[in-house]
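User: I should like to learn how the terms used for a protein structure are justified. Please let me put my questions one at a time.

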Amino acid sequence: MELRYLFKKTQTAPEEDKKSVESELPSTPQGLFHKCSKCQETIFSEELRKNNFVCPSCGNYFRMYATTRVSETIDEGTFEEWDTDLLETNPLGTPGYEEKLRKLNAKTGLNEAIITGKGNIGGHEAVVGIMDCRFMMASMGSVVGEKITRAVERATELKLPVILFTASGGARMQEGIVSLMQMAKTSAALKKHSDAGLLYITVLTDPTTGGVTASFAMLGDIILAEPGALIGFAGPRVIEQTIGQKLPEGFQRSEFLLEHGFVDKIVDRKDIKDTLVDILKLHENKGAFAPEDMPEIKIPAKKAKLTPWDKVMISRGKDRPVAEDYINKLFPDFVEFHGDRCVRDDKAIMGGIATFAGRAVTVIAESKGHDTNENVARGFGMPSPDGYRKALRLMKQAEKFGRPVICIVDTPGAYCGLEAEERGQGEAIAMNLYEMSALKVPVLSIIISEAGSGGALAVAVSDEVWMLENSIYAILSPEGYASILWKDSKRASEAAAEMKLTANDMLDLKIVEKVIEEPEDLAMDNIDAVTSRIGKGLNEFIGNNIDFDPDTIARNRYDRFRSF
Ligand SMILES: [Zn+2]
């Protein structure tokens, strides 16, 4: 769209205009003291500034000026501001609009509700846009949409990541239908940016609503949010008036969105820069392949030969390390991301990005947790459809960025229950098998304890599958097998022998490529014996796949499963 931004005619209703400008005054600090809107405490401006504009008494987040955000986030002296000269438009000829914009410009020094440009964040170059609520609640008119679109288009040309800090009341009413089109325009530019394999991060701040939520705010590869930010499409008051329903506490806050699967991570304001640096670094993936140093740890000779049933019991052992322990040992720089972007964040599946041997990898793990509380929170490692969809979302993201995927498998089976069926457990598992089969990046799955049925296979359609020596892999539990075949679940130990579920059985059947030796009494105190063996294998797996060909890797995986 060509921008013809002329201050055509001014028909200001002075009183009304004055009122609306004042009602949009920021809750950001000015002057020597500030009153916290939440706890009413009076705070020195300097103290507030030092505390990243977070109330020291109650933790309330003050809204930040875009210029402050630039100086807090972008390396000093590296910010190059773009498109400062776009003149305003009044596409519908709304009376008084231009006058209002002019007044806001004089008052805030901002030419519009967003600052865009290019700068370095911890030495990593990125295109950045930061919205500022002082300017008409950072509503999106054609200039905001145009600045974002231009910034994204330039990022695509320059092959740079985009980071947008959102804060907005939504589309700008004074520009009506032209505002609505900005939602499509910005989304379209982001689609091209994504198709070019580039990274887009959004940082949602208070408030992010309406047409901004329904366009660029929710399109990040990674969506971060500040704590307690209001994020939603329709405002709470509108919903209550429309449907006459009382809304739950915390509705539409960042934490609510995290729980419902729409936010990857909530980040305290003081940690935002470091988090962005970590994410940018993980996506540059320029590191040379450098095998991890894995110590030789001897495993003592075993006393007894274990039966298949012994192994079933060992794999379910209370002290046996869980996925999180392996992640901590093997991927210490793991950054966890949450949510299926659909319904919920299922804690039975953990997912995120880390490096191994100098290369970025996506790690996905079925996670049981350590104690009873964690077991309950993580659904005993039995993923819901939301968990499988989160896993798939992260795998597709790995594919976009060319990262190998490492899955840690540990589940008695997929969760079975009313909600799981309502949300399509079967469909979710099926979709993972379908998509994983053709994923154009290397995929490895490691079974650490129990691998039960489709619930395990949904994260194990891989180029290679490895098993710990005393782990098991089966179509159902030995108890279930005995009860179905012999109507007697007490004959589970007999079933275990008949089912061929041990790691060595799997090796014979060519279901797995590698059995990893483990100590007789594997627990946290001797986990290094196992992680060093897995680590050696990972050095090899990643080393062998440095220059993988996307089509070959997918074809080989097809052949692997075609052979059964
Ligand atoms: Zn406060």
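User: Which residues of helix α11 are buried?

Analyst: The model is predicted. In helix α11, which spans residues 308–315, the buried residues are Pro 308, Lys 311, Val 312, Ile 314 and Ser 315.

User: What puts these residues on the same side of α11?

Analyst: Their arc around the axis decides the matter: it is only 165°, so they lie on the same side of α11. The elements that cover the buried residues of α11 include β15 (443–452), β17 (472–474), α18 (478–486) and α19 (492–499).

User: Why does Tyr 65 count as buried?

Analyst: A residue is called buried if 20 or more other C-beta atoms lie within 10 Å of its own. Tyr 65 has 22 C-beta neighbours inside 10 Å, and therefore it counts as buried. Its place is in the loop between α2 and α3. The C-alpha atoms of Tyr 65 and Gly 109 are separated by 11 Å, with their positions 44 residues apart along the chain.

User: Why is Asn 52 called partly exposed?

Analyst: The class called partly exposed lies between the limit for exposed, 12 or fewer, and the limit for buried, 20 or more. Asn 52 has 16 other C-beta atoms within 10 Å, so it is partly exposed. Asn 52 is placed in the loop between α2 (45–50) and α3 (66–73).

User: What is notable about phi of Asn 52?

Analyst: Phi of Asn 52 is near 55°, which is a positive value in a residue other than glycine. Ala 357 also has phi near 55°, again positive and again in a residue other than glycine. Ala 357 is found in the loop between β12 (349–356) and β13 (359–366). Ala 357 has 19 C-beta neighbours inside 10 Å, so it counts as partly exposed.

User: How do you know that the peptide bond from Asp 206 to Pro 207 is cis or trans?

Analyst: Its omega is near -15°, and the bond is cis. Pro 207 belongs to strand β7, residues 200–209.

User: What makes Ile 527 partly exposed?

Analyst: Ile 527 has 18 C-beta neighbours inside 10 Å, and it therefore counts as partly exposed. Ile 527 is in helix α21, residues 527–544. Leaving out residues up to four places away in sequence, Ile 527 touches Pro 321, Asp 325, Lys 329 and Leu 522. The C-alpha atoms of Ile 527 and Tyr 326 are 201 residues apart along the chain and separated by 8.3 Å.

User: Which residues does Gly 537 touch, not counting residues up to four places away in sequence?

Analyst: Gly 537 touches Trp 466 and Lys 514 on that count. This residue, too, is found in helix α21, and its 18 C-beta neighbours inside 10 Å are the reason why it counts as partly exposed. Gly 537 and Gln 252 are 285 residues apart in sequence, and 44 Å lie between their C-alpha atoms.

User: How many residues are in the largest nonpolar core?

Analyst: The largest nonpolar core has 141 residues, and Ile 364 and Val 409 have the most contacts inside it. At least three of its residues come from each of domain 2 (63–283) and domain 3 (320–476 + 514–543). Apart from its neighbours within four places in sequence, Ile 364 has contacts with residues including Ile 349, Leu 394, Met 395 and Val 459. In soluble globular proteins, nonpolar side chains tend to be buried together.

User: Into which domains is the protein divided?

Analyst: The division gives domain 1 (29–61), domain 2 (63–283) and domain 3 (320–476 + 514–543). In the contact between domain 1 and domain 2, 4 residues of the former meet 7 residues of the latter. The side of domain 1 that touches domain 2 has 3 nonpolar residues, 1 polar residue and no charged residues. The centres of domain 1 and domain 2 are separated by 24 Å, taken over C-alpha atoms.

User: How many helices and strands does the protein have, and why is it called as compact as a globular protein of its length?

Analyst: The protein has 22 helices and 18 strands. Its radius of gyration is 27 Å, and the globule rule gives 24 Å for 564 residues; the two values are close, so the protein is as compact as a globular protein of that length. Buried residues make up 45% of the 564 residues.

Notes
Residues are numbered from 1 along each chain as its sequence is written. This is a predicted model: local features need pLDDT of at least 70, side-chain atom pairs count only at pLDDT 80 or more; totals for chains, interfaces and linings use all residues. A nonpolar core is a set of buried Ala, Val, Leu, Ile, Met, Phe, Trp, Tyr and Cys residues joined through C-beta atoms within 7 Å. Domain bounds come from an automatic or database domain assignment. Two residues are in contact if their C-beta atoms, placed from the backbone, lie within 7 Å. Ala, Val, Leu, Ile, Met, Phe, Trp, Tyr, Cys and Pro count as nonpolar, Asp, Glu, Lys and Arg as charged, and the others, Gly among them, as polar. Helices (H or I, at least four residues) and strands (E, at least two) are DSSP runs, numbered from the N terminus. The radius of gyration is taken over C-alpha atoms; the globule rule is 2.2 Å times the number of residues to the power 0.38. The arc is that of the directions from the helix axis to the C-beta atoms.
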